[in-house]
Amino acid sequence: MKPRLRIAMISPTLGAAFGLEQVLMTSVNGLRQRGHHVILIGEKAFDSLPKNENPILIEGLFSTPALLKPGQLKRVKKALNNALKESHPDVVHFLDQPHADLIDLATQNYPCVLTAHTVAPTCPESHRLANETGICEKPSGWGCLVQNKTVNCLNQFKSDLHRTHVIYEFESKRKATQKMKAIIAISRYVERKLLENGFSRSQVKLVYNPLPQWGSWEGPVSTFSQRPLLISACRLVPLKGLEYALRALKKVESLDWEYHILGEGPLRNSLEKLAKDLQLEQRVRFLGKMPREETLKLIQSATLFLQPNVGPEGFGLSVAEALSLGTPALAFDTPALNEIIEHGKNGLLVPSKNVSALAEAIQCLLQDNELLSRMGEYGKKHTLAHFSENAFMDSTLKLYQEIV
């Protein structure tokens with residue numbers, strides 16, 4: 001019998017808030033069911049965290065700007081050091097990259113793992129989204145300052161001085177992260193980017209995110225619309241490309257449909273204005289962030305799941321969940337959504353930023369109930385099996401045993 005392990009899970013936020021936190025809690029529950037001990041360390045805990053949890057919360061754990069507040073960073077290091085000494089873990093598992101000094105603190109004393117939930121370990125801007133040319137395929141580092149002159153990928157930072165600081169912090173984190181025993185890539189796209197940007201083949205391990213076993217999830221399907229229902233569930237940010245969905249729907253407004261957008265973000269006001277300008281406000285509903293079970297029921301009741309990303313996802317958990325619930329998905333052909341959506345089998349992929357192609361795909365699917373039904377059945381059968389919780393736990397535990 002393999003020994004029971006003590007695992008310290010370190011995440012910016014704790015509780016089922018977004019995709020990262022959902023995977024975290026799936027890991028925690030799976031490890032405990034198999035007899036292992038998990039200690040949660042984070043900066044913030046959401047109300048959704050189970051009441052019986054007793055996490056260690058450290059203010060500033062992931063948000064302390066070291067150059068501006070060196071004293072605060074020193075206090076955070078001391079707090080993290082004390083937390084790890086008290087919990088004496090066999091493995092320290094990071095769900096995101098804190099300051100390089102905190103990573104160094106952990107790697108000097110414990111076997112460490114990072115799950116790369118996004119492409120942030122390979123991109124100072126964290127999205128690999130080049131504003132002018134689409135997806136950035138260039139190596140990351142100081143050359144990003146030069147690349148920004150042509151592709152404007154770092155323009156969210158207001159000056160060259162700020163951009164220089166961002167890249168310095170990025171390079172410091174990369175150097176520290178390279179000392180970890182393993183980096184988990186949650187898709188082949190993330191795996192490829194890690195290998196192309198300074199991480200070794202022996203260090204990078206592919207472990208897909210898990211999907212819940214819907215057989216144990218019950219509840220009546222809610223009827224939110226009498227029309228064919230299209231849904232997007234995501235943060236309302238430029239990466240998600242929701243303006244393209246609205247413009248595509250304008251092209252097929254003669255069809256019978258309703259569109260629900262679940263989520264919050266900085267673009268909500270501008271997207272609501274766009275829907276109004278397109279005279280679609282009576283058919284597009286912005287529902288905000290909803291409780292998880294209600295979200296799942298709504299997705300399950302939908303005709304089609306829309307995910308018009310203009311840049312890459314680390315994985316695309318909401319798309320995988322929709323497919324496993326029997327709702328076909330339509331997306332732009334971007335990583336790693338094109339690993340989850342099998343074109344013509346559980347959904348469709350169209351060229352990125354092509355509004356006409358997106359509109360044609362929507363029309364094709366809404367007018368072919370037989371195709372929708374076939375795609376839905378394929379998704380329920382194959383998507384759930386491909387991203388099973390058991391396979392995820394087996395791979396994670398195997399990795400822990402290798403590095404201890």
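Axes here are lines fitted to C-alpha atoms, for helices over the stretch in contact, and angles run from 0 to 180 degrees between N-to-C directions. With that in hand, take helix α4 (residues 143–151) and helix α5 (residues 160–177) in this predicted model: their axes sit 10 Å apart, and the two helices pack at an angle of about 135 degrees. Angles over 145 would count as roughly antiparallel and 65 to 115 as roughly perpendicular, with what is left between them oblique, and α4 and α5 are therefore oblique to each other. Their crossing is right-handed. On the α4 side the contact is made by Cys-144, Leu-145, Asn-148 and Lys-149, which meet Asp-160, Arg-163, Thr-164 and Ile-167 in α5. By character, the residues of this contact split into three nonpolar, two polar and three charged.

As for how far the prediction can be trusted, the protein chain averages a pLDDT of 91, and 94% of the residues score at least 70. One weak stretch is residues 219–223, where pLDDT stays under 50. For that stretch the model has seven contacts beyond four places in sequence.

Now for the sheets. One of them is an open sheet of seven strands, paired in parallel and ordered β3-β2-β1-β4-β5-β8-β9. The edges belong to β3 (56–57) and β9 (204–206); each has a single partner strand, so one side of each is left without a neighbour in the sheet. Further in, strand β4 (residues 91–94) pairs with β5 in the parallel sense over three bridges. Phe-94 has Leu-114 in β5 as its bridge partner. Helix α6 (residues 188–196) lies across β5, β8 (182–185) and β9, and runs at about 170 degrees to β9.

Two single residues add some detail to this part of the chain. Leu-20, which lies in helix α1 (residues 19–33), touches Ser-11, Leu-95 and His-117, leaving aside residues up to four places away in sequence. Between the C-alpha atoms of Leu-20 and Cys-136 there are 23 Å, with the pair 116 residues apart along the chain. The other is Ser-126, placed in the loop between β5 (112–116) and β6 (129–130). Its phi is near 80 degrees, a positive value in a residue other than glycine.

Another open sheet has six strands in the order β12-β11-β10-β13-β14-β15, again with parallel pairing. Its edge strands are β12 (284–288) and β15 (347–350), each of which pairs on one side only. From one strand to the next the twist averages 20 degrees. Strand β11 (residues 258–262) pairs with β12 in the parallel sense, and four bridges link them; Tyr-259 stands opposite Val-284 in β12. Helix α7 (residues 242–251) packs on this sheet and touches β10 (229–233), β11, β12, β13 (304–307) and β14 (329–332). The direction of α7 makes about 170 degrees with that of β11.

Helix α7 also has a helical partner. Its axis and that of helix α12 (residues 355–366) come within 8 Å and cross at roughly 60 degrees, which makes α7 oblique to α12. The crossing of α7 past α12 is right-handed. From α7, the residues involved are Tyr-244, Ala-245, Arg-247, Ala-248, Leu-249 and Lys-251; they meet Val-355, Ser-356, Leu-358, Ala-359 and Ile-362 in α12. That contact divides into eight nonpolar residues, one polar and two charged.

A further helix pair is made up of α10 (residues 317–324) and α13 (residues 369–386), packed at an angle of about 115 degrees with their axes 7 Å apart. Here Ala-320, Leu-323 and Ser-324 in α10 meet Gly-376, Gly-379, Lys-380, Thr-383 and Leu-384 in α13. Polar residues number four in this contact, beside three nonpolar and one charged.

Last comes a backbone oddity. Most residues other than glycine have a negative phi, and most peptide bonds are trans. The peptide bond from Pro-335 to Ala-336, however, is cis, with omega near -15 degrees. Ala-336 is found in the loop between β14 and α11 (337–340).

Technical notes: Residues are numbered from 1 along each chain as its sequence is written. This is a predicted model: local features need pLDDT of at least 70, side-chain atom pairs count only at pLDDT 80 or more; totals for chains, interfaces and linings use all residues. Side-chain values use heavy atoms; hydrogens and water are left out. pLDDT is the predictor's confidence in each residue, from 0 to 100. Contact means heavy atoms within 4.5 Å. Two strands pair if DSSP finds at least two bridges between them. Angles under 35 degrees count as roughly parallel, over 145 as roughly antiparallel, 65 to 115 as roughly perpendicular and the rest as oblique. A crossing is left-handed if the near helix is turned anticlockwise from the far one by less than a right angle, and right-handed if clockwise. Ala, Val, Leu, Ile, Met, Phe, Trp, Tyr, Cys and Pro count as nonpolar, Asp, Glu, Lys and Arg as charged, and the others, Gly among them, as polar.
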